[in-house]
Amino acid sequence: MTRDPSLPNLINGRSVPALAAETVEVRDPATDEVLARVPLSGAAEVAAAVEAAGTAFETWREVPAGERIQPLFRLKGLLQEHLDELARSITRENGKTLAEARGEMQRAIENVEVACGIPSLLQGEFSEDIAQGIDEYLIRQPLGVAAIICPFNFPGMIPFWFLPYALACGNAVVVKPSERCPLTMTLVVELIRQAGFPPGTVNLVHGAAAAVDALLDHPGVATISFVGSTAVARHVYARAAANGKRVQAQGGAKNPLIILPDADPAMTTRIVADSAFGNAGQRCLAGSLAVTVGEADGWFRPAIAEAAATRRVGCGLDDGVEMGPVITPQARERIEAMIQRGVDDGAGAAVDGPRRSVTGYARGYFVGPTVLSDVPAASTVATSEIFGPVLGLMRVDTVEQAIQLVNGGRYGNMACLFTRSGEAARLFRHRAQAGNIGINLGVAAPMAFFPFSGWKDSFFGTLHGQGRHAVEFFSQTKVVIERWPKGWSRTF
Ligand code: NAD
């Protein structure tokens, strides 16, 4: 991991110190130690990166798809080889456990694997004789420079929902990692360089809002892929679309988990606890509301309280730790305030987690797993994203009421159902208004060959990240109609 005072940008294959005078500290959330300083790049750095990408694109787009994927194959090998180092970097800058960080990098690698199928994924369509002597066909071509703007919570994985597909389709890329977790991508772009992508095909610009806005406004950027909070996703979508760019913007979430009385108690409790408290709740697929139907409350409430109270909280690098700290002291304060707000609004504190002290890590930003019971339906904790290890409990009488509750929320990232009933599962799958559905699963994260399908306020755009959606997003269709009258060009 770099110890340089200020992280460099990567432009045209070279590490370049940012021109920006302003930097912010990147701190280890478990220890509060300063790991690096990240420059807040602005329009000048973005312009240099976009120019390098634009120039590289002209050559890269001419490379046949079968050859474009050769560096991707090498990148997969390098990511695998460096998986431990990358996972440790994620844990240090983000706080999640090493096992979670390894899982994250595995997901990144899976996206590289899928993108390696681009020669067939990018194939066109052909219709012979749409009229006599006339053929029509569709080909897919790259768009140009693709900008990828990332959040802090999966610094190793989220860029890979987009980057391998953008490159495989023949685009060049500018990545802007989260300023709170910029270290892992700094390591990854070094591996990208080693994998043999031509200089300029992948550029990295560190920074925050000013760098994002410069990307949204730069006429040389063709596409914007964004993942972050809903407020910023909405801003990114509106501004980039107004500038004529193709945009996909994934936002926040508030994911309900519905528990029917016939669900398997032990399995459901374990899965719900992992969903709510895994990654310290800082996951767009974290279950944040557990809604019991009828008698399920009787067994679920004590079981989840026990699971929360016994979860081992600590530094993600230490053995046996099940939950790390949250990202910043400000995030901890915000989460604690939300918990207090829930109690003020009438919820009961079934398990009270705030300000968990962890031996040996007095300066870490720890919040213990928290369960709020009987959360009022209209309260802030029931309707707003908390993005911390907080699970609200609610009760309803029927599965229809539960579905109504799911569909009444503003977000639509994920909804899950726990049951042994196929009939209930089919009804839920059909009616629930969310783009990712889990049945007896608590984190319904799509595999790389499926799109990451957020709905409602969790997504702005049409085509999602990953799989075929990403291929369609990073390519534009061209339809060609050809007339070849008989006898015109026969030379034999
Ligand atoms: P964030 O919105 O604060 O930041 C995301 C990116 O936007 C960062 O690169 C940041 O530098 C930039 N940014 C921040 N403020 C900006 C502004 N005013 N103008 C322009 N750019 C700005 O999000 P975060 O805190 O890093 O990540 C957590 C959020 O991301 C949560 O809401 C979570 O649900 C969401 N998320 C969603 C998904 C999904 O798939 N839907 C996945 C992961 C995270």
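**Close-up 1. Which elements each supply at least two residues of the shell around the ligand?** They are α8, β10 (221–227) and α9. Helix α8 gives the most, with three residues of that shell. Helices and strands here are DSSP runs, numbered from the N terminus: H or I over at least four residues for a helix, E over at least two for a strand. A word on what you're looking at: this is a predicted model, where local features need pLDDT of at least 70, side-chain atom pairs count only at pLDDT 80 or more, and totals for chains, interfaces and linings use all residues. Residues are numbered from 1 along each chain as its sequence is written, and side-chain values use heavy atoms, with hydrogens and water left out.

**Close-up 2. The ligand and its neighbours.** There are 30 residues around the ligand, and C150, E179, S229, Q250 and E385 come nearest; to be near, a residue needs a heavy atom within 4 Å of the molecule. Zoom in on the oxygen atoms of the ligand and you'll find polar side-chain atoms of S229 at 2.6 Å and of E385 at 2.6 Å. K176 joins in too, with a side-chain N or O atom 2.7 Å from a ligand oxygen. For reference, a polar contact is a pair of N or O atoms within 3.5 Å; within protein, one must be able to donate a hydrogen and the other to accept it, and residues adjacent in sequence count only if both atoms are side-chain atoms.

**Close-up 3. R239 reaches across to D217.** Their side chains meet in a salt bridge, at 2.6 Å from N to O. R239 belongs to helix α9 (residues 230–242) and D217 to helix α8 (residues 209–217), so the pair links distant parts of the chain, 22 residues apart. The rule for a salt bridge is a side-chain nitrogen of Lys or Arg within 4 Å of a carboxyl oxygen of Asp or Glu, and by it the count comes to 23. Both partners are partly exposed: R239 has a relative accessible area of 29%, and D217 has 35%. That label covers what lies between buried (under 20% relative accessible area) and exposed (over 50%), using a 1.4 Å probe and protein chains only.

**Close-up 4. Is R311, the partner of D274, buried or exposed?** R311 is buried, at 10% relative accessible area, whereas D274 is partly exposed at 34%. The two side chains form a salt bridge, 3.0 Å from N to O. D274 lies in helix α10 (residues 265–277) and R311 in the loop between α11 (296–310) and α12 (329–344), so this pair ties together parts that are 37 residues apart in sequence.

**Close-up 5. A salt-bridge network that takes in E25 and R27.** Shared partners join E25, R27, D32, R37 and R363 into one network of salt bridges. Within it, R27 pairs with E25, their closest N and O atoms being 2.6 Å apart. R27 is partly exposed, at 28% relative accessible area, and E25 is partly exposed as well, at 38%.

**Close-up 6. A303 in helix α11.** A303 is found in α11 and, with 26% relative accessibility, counts as partly exposed. How far apart in space are A303 and T268, C-alpha to C-alpha? The distance is 9.6 Å, for two residues that are 35 apart in sequence.
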